Amino acid sequence: MKETRTIIKTAGFMAVATFLAKVCGLIRDMLIAAFFGTGMEANAYLAATKLPTTLFDLVIGGVISAAFIPIFNSVLKKEDKKSALIFANRFIGMVLLITGLITIFGITFSDKLIYLMAPSFDAETHQLAMHLSAIMFPMIICTGLAFSFVGILQSFGEYNIPAIMSLVSNLAVILYFIIFGKKFGVYGLAVTMVIAWSLQVFIQIPSLKRFEFKFRPQINLKDENVKNAMKLALPMLVSTWVQPLYTIVNTRLASGIERGVSSLEYANRLYIVITGVFSFVITNLLFPKMSRAYAQDKMEEAKEMLVTSLKAVTVIILPIAAVTAVLAKPIIALLYQHGGFTYEDTLRTCGALSCYAFGMIALAYNEILSKAFFSMQNSKTPMINAIVSMAANIVTAYTLSSRLGISGLAIAAAVGSYVNAFLNYIFMKRYYKTLFKKSDLLNIIKTLMSAVIMGAAMITVYRLIGTRLSGSLVGELIILAVCGIAGLVIYSGGCLLLKIDVIVNLLKKEGKDDA
């Protein structure tokens, strides 16, 4: 009982911290949109930001914690804490070496890399993006180090400090805008980004000292544990290429559409933010626990965690996806339609966000299923599935972008996510022949029904009040509030009426706690 309460308390803190971080991320993006709109500087800055982060994700980013945590927990269990910390320093040494080489490569070839990412930029935009990316490349060294520290802390059961990392870095950028505004232009913003990302390293140091970790990075590729981590990382890396490669393909195609790069990027960031708040909390809380369960051969315990996570994320994400799809216009208007971000920009961006919304549940499922494979130290299966889904995304993107513009690119991302989720689910059934019981599947179907009815109700209300209120920010706020509350009431009623077990069990637990 005490452990359950601790988990709930930790999950609650992570949810709040993640939510605040995402809100601050939205405020940061709102400020960027207000100061720079969707013009030349915005396109250059957003493409330049994407270059180092995408290259980092392609080479190492998506696997640092995922490859580290299972091996670290295995060493911790089979050997001792001292051996685990030695492995941690050797792993960090390897990460610093790789991120340092990526940084040198990126700065040296920034001209060609920007052209690869956005070939349709004019000469002025290309030149600015090239200079900005060279400034921001060093931030990936900080990111690699921060992710490594996260792996250590989460393995020791410390989730709170890693949960506030993004909050701190986003607040630093917001503070820059409050103090300096547009005084130093996009160059000042680029420098601030590097400083903000470095803060993610420094805030973890006191907690690391508490667990007796001393920063002594070594490069020892002959270490058996490092070798095991590298073997796990390579196929794992390919499986995490889905989102970065979606980004490259979509940015290339969007660069040929007027104001396409910035509009698509604003929609994509919001899509990732909304989905990430909940999937991030679930996966980061459960991944170390699942890794420990598999290390101790507790397969049924790990399965229970996986199924519970999938059912919980279904109940949470489906109504959020419905709200996002139906109310994309007032959401974009309220968040971004300030300063240089015009009404036309809102119309263009909200179309992409509505299309992204249909892929939210698949993206959340992928996050959980992939982590389940990684906790088993099986990274080959999600790698194969990711390659197939990437192919589906690329084919769909090239097919739809010429007809539907950036909305077609958002649909392509959703298609890729669904293909990936379907394949991950099918292959997971090799480990668990009955992953979902009939009652679990029935509950998921009932949740989907409730979300569809919710969406239909919001569309009806939107049609009744939208034409009279749309156009002003106050009107958009009223539309969002009225439609959102109506949808939430209907969804909640549907969940209770259909007796969806996640909701029913939660209410029962609250009742017992109150008693």
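In this predicted model, Glu158 has a relative accessibility of 12% and therefore counts as buried, the cut-off for that class being under 20% relative accessible area. Its salt-bridge partner is Arg210, with the nitrogen and oxygen atoms of the two side chains 2.9 Å apart. The pair joins distant parts of the chain, since Glu158 belongs to the loop between α7 (139–155) and α8 (160–163), whereas Arg210 belongs to helix α11 (residues 205–210), 52 residues away. The two partners fall into separate accessibility classes: Arg210, at 52% relative accessibility, counts as exposed, because that class begins over 50%, while Glu158 counts as buried.

A second salt bridge is formed between Lys329 and Glu476, whose closest N and O atoms are 2.7 Å apart. This pair likewise links distant parts of the chain, with Lys329 in helix α16 and Glu476 in helix α22 (residues 473–497), at a separation of 147 residues. Here both partners, Lys329 and Glu476, are buried. Salt bridges with shared partners also connect Arg28, Asp29, Lys50, Glu265 and Arg269 into one network. Within that network, Asp29 is bridged to Arg28 with a closest N to O distance of 3.2 Å, and both Asp29 and Arg28 are buried. The count of salt bridges comes to 12.

The burial of Lys329 is shared by much of the helix to which it belongs. Helix α16 spans residues 328–336, and 8 of its 9 residues are buried, so that the helix is largely enclosed by the rest of the structure. The buried set comprises Ala328, Lys329, Pro330, Ile331, Ile332, Ala333, Leu335 and Tyr336, and Lys329, the residue of this set that forms the salt bridge with Glu476, is thus accompanied in burial by residues such as Ile331 and Leu335.

Helix α21 (residues 438–469) contains Ala451, which has a relative accessible area of 6% and is therefore buried. Apart from residues up to four places away in sequence, Ala451 touches Leu318, Pro319, Ala322 and Tyr491. Of these contacts, Tyr491 falls within the range of helix α22 (residues 473–497), the helix that also holds Glu476. By contrast, the C-alpha atoms of Ala451 and Ile107, which are 344 residues apart along the chain, are separated by 47 Å.

At the level of the whole chain, the secondary structure consists of 23 helices and 0 strands. The radius of gyration is 23 Å, which agrees with the value near 24 Å that would be found for a compact globule of 515 residues. Taken along the principal axes, the C-alpha atoms fill a box of roughly 65 × 60 × 45 Å. Of the 515 residues, 57% count as buried, and among the contacts with a separation of 6 or more, 85% are made by residues 24 or more positions apart.

The accessible surface of the chain comes to about 22,100 Å², and carbon and sulfur atoms account for 67% of that area. As for charge, the chain carries 46 positive and 28 negative side chains, with the centres of the two sets lying 5 Å apart.

Conventions: Residues numbered from 1 in each chain as written. Predicted model: local features only at pLDDT ≥ 70, side-chain atom pairs only at ≥ 80, totals over all residues. Heavy atoms only, no water. Helix = DSSP H or I, 4+ residues; strand = E, 2+ residues; numbered from the N terminus. Rg over C-alpha atoms; globule rule 2.2 N^0.38 Å. Buried < 20%, exposed > 50% of the residue type's maximum accessible area, 1.4 Å probe, protein only. Contact = heavy atoms within 4.5 Å. Areas by Shrake-Rupley, 256 points an atom, 1.4 Å probe, with all protein chains shown as cover. Lys, Arg positive; Asp, Glu negative; His and termini not counted. Charge placed at Lys NZ, Arg CZ, Asp CG, Glu CD. Salt bridge = Lys/Arg side-chain N within 4 Å of Asp/Glu carboxyl O.
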